[in-house]
Amino acid sequence: TASLAGFVGGIAAVGLLFFAVGVVVQALSVVAQLRASEGKTVSFGQVWDEGKSYIFRILGLSIVTGLLIVLGFICLIVPGVIALRRYFLAPYLLVDKNLGIGEAMKQSAAISKPFSGSIYGVIGVTILLSLTGIIPVVGSIIGALAGVVYSVAPALRYQELKNVA
């Protein structure tokens, strides 16, 4: 039993490490996507310097919006889809305007409401690109490459809607 406990503890430690790295990567990628969508040259050093201050707020935002979206899907599909649209732009607002979690969510809901179709369009294309992974081997490669290329689309949509709203 001692070796089993050590194995489980090791797995938990590795899982926690992956979670922490994932949170940092998410915060840095939001900053990189936002700056790239503004037409700025992006370097790891610049992204790290700016992004490290957003790590805990992005984590909190991800937890809160994730819970709301999952709860919406559990209640009915429609509230989950609406919540997904409402908070889709929140990470970009949080970084761009240096907002708190609640304010970023509120502004995201306000900006995205009149432009629901354009938000759902980005979400739909993202889903379609992920479906290419169904095709063995080739589909996974195509899906991964297309996902990398399309990853800046939400930040570009944010830039468009920020200038219109």
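This report describes selected helices, residues and a pocket in a predicted model.

## Helix α6 and S108

Helix α6 covers residues 101-112, and S108 is placed in this helix. S108 has a relative accessibility of 0% and therefore counts as buried. Outside its neighbours within four places in sequence, S108 is in contact with R86, Y87, F88, L89, A90 and L93.

Two polar contacts of the S108 side chain involve backbone atoms among these residues. A polar atom of the S108 side chain lies 2.5 Å from the backbone oxygen of R86. The side chain of S108 also reaches the backbone nitrogen of L89, at 3.3 Å. A153 is 45 residues from S108 along the chain, and the C-alpha atoms of the two are separated by 16 Å.

## S112 in helix α6

S112 also belongs to helix α6. Its relative accessible area is 0%, so S112 is buried. The side chain of S112 reaches the backbone oxygen of A109 at 3.5 Å.

Not counting residues up to four places away in sequence, S112 touches R85, R86, L89 and I119. R86 and L89 also appear among the contacts of S108. In general, an α-helix has 3.6 residues a turn, so residues three or four places apart point the same way.

## The buried side of helix α4

Helix α4 spans residues 77-86, and its buried residues are G80, A83 and R85. These buried residues pack against three helices: α3 (55-75), α6 and α7 (116-131). R85, one of the buried residues of α4, is touched by S112 of helix α6.

## The largest pocket

The largest pocket in the model has a volume of about 350 Å³. It is lined by 16 residues, and those closest to its centre are Q26, V30, F88, P91 and Y92. F88 is also a contact of S108.

Helices α1 (2-37), α3 and α5 (90-96) each supply at least two residues of the lining. The most comes from α3, which gives five residues. By type, the lining residues divide into 10 nonpolar and six polar, with no charged residue.

## An aromatic pair

A search of the whole structure finds one aromatic pair. The pair is made by Y92 and Y158, with ring centres 6.2 Å apart; the ring planes are at 25°, which is under the 30 degrees used as the limit, so the pair counts as stacked. This pair links distant parts of the chain, since Y92 is in helix α5 and Y158 is in helix α9 (residues 153-164), 66 residues apart.

Both Y92 and Y158 are buried. Y92 is also one of the residues closest to the centre of the largest pocket.

## N98 in the loop between α5 and α6

N98 is placed in the loop between α5 and α6. N98 has a relative accessible area of 47%, so it is partly exposed; that value is between the 20% limit for buried and the 50% limit for exposed.

The backbone of N98 has a positive phi of about 55°, although N98 is not a glycine. Most residues other than glycine have a negative phi.

Key. Residues numbered from 1 in each chain as written. Predicted model: local features only at pLDDT ≥ 70, side-chain atom pairs only at ≥ 80, totals over all residues. Heavy atoms only, no water. Helix = DSSP H or I, 4+ residues; strand = E, 2+ residues; numbered from the N terminus. Buried < 20%, exposed > 50% of the residue type's maximum accessible area, 1.4 Å probe, protein only. Polar contact = N/O pair within 3.5 Å; in protein donor to acceptor, adjacent residues only side chain to side chain. Contact = heavy atoms within 4.5 Å. 1 Å grid on protein atoms, 1.4 Å probe; cavity = no way out; pocket = protein on both sides within 12 Å on 5 of 7 lines; lining within 4 Å. Points joined across faces, edges and corners; volume = space filled by probe spheres on them. Nonpolar A, V, L, I, M, F, W, Y, C, P; charged D, E, K, R; others polar. Phe/Tyr/Trp six-rings, centres within 6.5 Å; stacked < 30°, edge-to-face > 60°.
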